[in-house]
Amino acid sequence: MSGTRGNNSNTKSTRSAAVPGSTPLRALDAQQLRVLGSVGREWRRVSAGPEVWRRALPVDPDLGSLPAPAQIRPARFGRVVPVSPFGPSASRTAAPPAPPGGAPPGEGPPPAPVDRTRAVYRMRRLLLGPALANTAIARERMRKLVALPVLSADALSSVAYGPEALLAVLVLAGTAGLGYSTPVAATIVFLMLAIGVSYRQTIRAYPRGGGSYIVASDNLGRVPGLTAAAGLMTDYILTVAVSVSAGVAAITSALPSLASSVVPLGVAAIAVLLACNLRGIRQAGAIFAAPTYAFVIAMLALIAAGLADAADRGFHAVPHPPIHATEGLGILLVMRAFASGATAMTGIEAISNAVPAFKPVEWRNARTTLTWMVGLLIVLFAGIIVIVHLGGILPESKETVLSQLAHLSFGSGPMYVFTQAATAAVLLLAANTAFNDFPRVLSLLARDDHAPRLFARMGDRLAFSNGIILLSVLAGLVYVAFDGRTASLIPLYAVGVFLAFTLSQAGMVVHWWRLRDRHWRKSLLFNAVGGVLSSIVLITAGITKFTEGAWVALVAVALFLYVTTHIRRHYDTVAAALRLQRHSIELPRRTIAPRVEVPIQGVESSRDPSHPRAPQAFAPNGEVGRAEERPEETEEVPEEVRHFTLVLIETLDRAGMRALAYAASLQQPVLVIHVSTAADEAERFRGQWQLWGDHLPLQELVSPYRAVVAPLVNYIEALHHQRPDLTLTVILPEVVVRQRRYSALHSRTAARLRRALRPLRKVVVTTVPFHV
């Protein structure tokens, strides 16, 4: 935690995220900046002046500073830097002098409120690891060898169920239907290649990350962008459910005795994924890399063994048992098979969504990784289809196609066990792709006010923790609702995937048409082909699988659009209500000044210092006086209460201004506190503060761990220990909505702060409501 006075004259006001994943300071447009200056001039006419307010402070607000960013190393169980009280009136012994370079974060005497929950924090640190500072974001990025398994696990693992889903539809038409497996698979391979090349163009056009939501929003408009996001979110939820169900199916194929425990096994797997991803991107990547590479090795070995067996018999296909057709062979059945097999393409867009997660040069490493992924996907998918055809394998309800192939090539020996174990592991961990991209897309929606803003914030481990938790809950509910049956989940899958593909590629066509830079015609052609093929799959899946469950995905998309548009409408209404308004003070003016207890520039004290209950004078330079400490809550008459007001401000809007006016009107010493997640965000706020006029003392707290309540509790407790005889009144602005269903969209800082400060004596937390 660091404290700096707001005495700079910087007036820059921009909206750019100082820290990835932090909630940035909202920009003020030119009209609002003019109104802010006008409001400041009105304050100047009625306020006693900033120097009077500063000299009235009964405490020293500068309590120390953080070490330099390069020196910040989180302690094992530390979360924030504890603030040690300074001055002769501290109620406990001051911390020893910090070593050169500053005290390591997390060391020193912990504040009292944290003492009571120390066991909780220790358990949290034990499970998730130490909190990471903002400066660690570069270390949390992935190199290509880690990014490939983390972001490609979904796409590569889909060969475990994509070919089987294709064959499961064609086998309904008997032997004649299976004859179409090769041409349908070849079409899917071409589609994989076209979509892969298309997303290479997307990464080139959006080197900072260009998922379907960003591309569609930028080029097609808000509603198509939200529709693409709806498809993505549905896809990611189903990715977790389908991957886990397919992984559990691989386990039960090898161990039939576990068939009755499908649901508990899947829920446990989702819980493990949740815990691993809450630890951060880099650690999750290290955990998930080995199973993905093991699966690739197992599949290549299986394909090689299958081709070797076929070569011994001159590549003649093994005749399969007679099949009785249950449906007539027609175009609709072939299209259904095509839509089912195309689920093997899920996850191709993951790399374009996660470009910022790569090490520099981000876009170049992302394109290279995408090329590797598409190449491996085509080889594995085509190879599995070929050896299934040559081996005469048919889908069965009790054993997966991959398990049959492994039995055929390896028997029941160690290689069979390795293949099944690698398949189960990668399928269970393939959901990690969704855990990387779902929270990232949700954070973008929150930045654009289409989702609650709490999803825009990163957690202790530089991961979007709130989004990860939401994904786990939703995927778990879907998995339980469908009893973990992969066949029941697959029909829901294709609609969301190819809805996002189609809108993304259509957006890229518009992008190249508008830009028309070098090679724009070639890029436009690639994206147009990808868009047309994706739309064909989307329409096919929507029609042929509507009654099988695709309607659920369509309803989910429609519900998503309804919710996100209403959230945006609410945030727009609140933003309009919070805009500063120009007005002039028409009431009789009286100078608002703090009632200080020492003479200030010739002004007599408001109390008789000879009174037996008169408090000791506050030093005019802000130093702590020799007041007798009275930590007990023994005040029974008004004159025994010594006030100090703290105003917590997030942004200078109407709600914030009203809180400042309310605090100043009490004519007690006031200190304004603003928490920033990085130094440059603090600079932007100070620019706005100086434009307003710097009428009240300002203390900025920089929280490099992105926490808000914990630094405030630390700081307020340190002030309390400076002057335990003071009654600290903490004032916060609070947006109060008429409709309770919107209350979750707004900050709960006041309630959390009230709970955290309750153990401290003589601390009052109050809110100034602003009704919308």
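Is Glu 42 buried, partly exposed or exposed at 11% relative accessibility? In this predicted model, Glu 42 counts as buried, because its relative accessibility of 11% falls under the 20% cut-off. The side chain of Glu 42 meets that of Arg 45 in a salt bridge, with an N to O distance of 3.3 Å. Both residues belong to helix H1 (residues 30-46), where 3 residues, or about one turn of the helix, separate them. Arg 45, in contrast to its buried partner, is partly exposed, with a relative accessible area of 47%.

The confidence of the prediction varies along the chain. The average pLDDT of the protein is 77, and 78% of the residues score at least 70. Over residues 1-22, pLDDT stays under 50, and the model has 88 contacts beyond four places in sequence for this segment. A further segment, residues 598-630, likewise stays under 50, with 58 contacts beyond four places in sequence. Where pLDDT is low, the predicted coordinates should not be read in detail.

The salt bridges come to 12 in total. Besides the pair in helix H1, one of them joins the side chains of Asp 449 and Arg 453, at 3.1 Å from N to O. Asp 449 is buried, with a relative accessible area of 8%, whereas Arg 453 is partly exposed at 27%. The side chains of Arg 485 and Asp 483 also meet in a salt bridge, with an N to O distance of 3.1 Å. Here Arg 485 is partly exposed, with a relative accessible area of 42%, and Asp 483 counts as partly exposed at 42% relative accessibility. Salt bridges also link Glu 51, Arg 54 and Asp 694 in a network.

Several residues show notable backbone geometry. Most residues other than glycine have a negative phi, and most peptide bonds are trans. Asp 449, described above for its salt bridge with Arg 453, has a positive phi near 65 degrees although it is not a glycine. This residue is placed in the loop between helix H18 (432-447) and helix H19 (465-481). Asp 449 thus combines a positive phi with a buried position, since its relative accessible area of 8% is under 20%.

Gln 667 is another non-glycine residue with a positive phi, in this case about 55 degrees. The loop that contains Gln 667 runs between helix H23 (654-665) and strand E3 (670-676). Gln 667 is also buried, because its relative accessible area of 18% lies under the 20% cut-off. A cis peptide bond, with omega about -5 degrees, joins Pro 360 and Val 361. Val 361 is found in the loop between helix H14 (350-353) and helix H15 (362-391).

Helix H24 comprises 14 residues (679-692), which at 1.5 Å a residue should span 20 Å; the end C-alpha atoms are 20 Å apart, in agreement with this expectation. The buried residues of H24 are Glu 681, Ala 682, Arg 684, Phe 685, Arg 686, Gly 687, Gln 688, Trp 689 and Trp 692. Charged residues are therefore among the buried positions of this helix, including Glu 681, Arg 684 and Arg 686. Gly 693 follows H24 and has a positive phi, near 130 degrees.

Helix H22 (residues 546-578) contains Ala 576 and Leu 554. A nonpolar surface patch of about 370 Å² is made by Phe 546, Trp 551, Leu 554 and Val 555. Leu 554 counts as partly exposed, at 38% relative accessibility. This value is over the 30% that a patch residue requires, so Leu 554 meets the accessibility condition for the patch. Ala 576 is likewise partly exposed, because its relative accessible area of 48% lies between the limits of 20% and 50%. In sequence, 196 residues separate Ala 576 from Val 772, while the two C-alpha atoms are 9.7 Å apart in space.

Conventions. Residues numbered from 1 in each chain as written. Predicted model: local features only at pLDDT ≥ 70, side-chain atom pairs only at ≥ 80, totals over all residues. Heavy atoms only, no water. Helix = DSSP H or I, 4+ residues; strand = E, 2+ residues; numbered from the N terminus. Buried < 20%, exposed > 50% of the residue type's maximum accessible area, 1.4 Å probe, protein only. Patch = residues over 30% accessible without salt bridge, like charges linked within 9 Å, V, L, I, M, F, W, Y side chains within 5 Å. Areas by Shrake-Rupley, 256 points an atom, 1.4 Å probe, with all protein chains shown as cover. Salt bridge = Lys/Arg side-chain N within 4 Å of Asp/Glu carboxyl O. Expected span 1.5 Å × (residues − 1). pLDDT = per-residue confidence, 0-100. Contact = heavy atoms within 4.5 Å.
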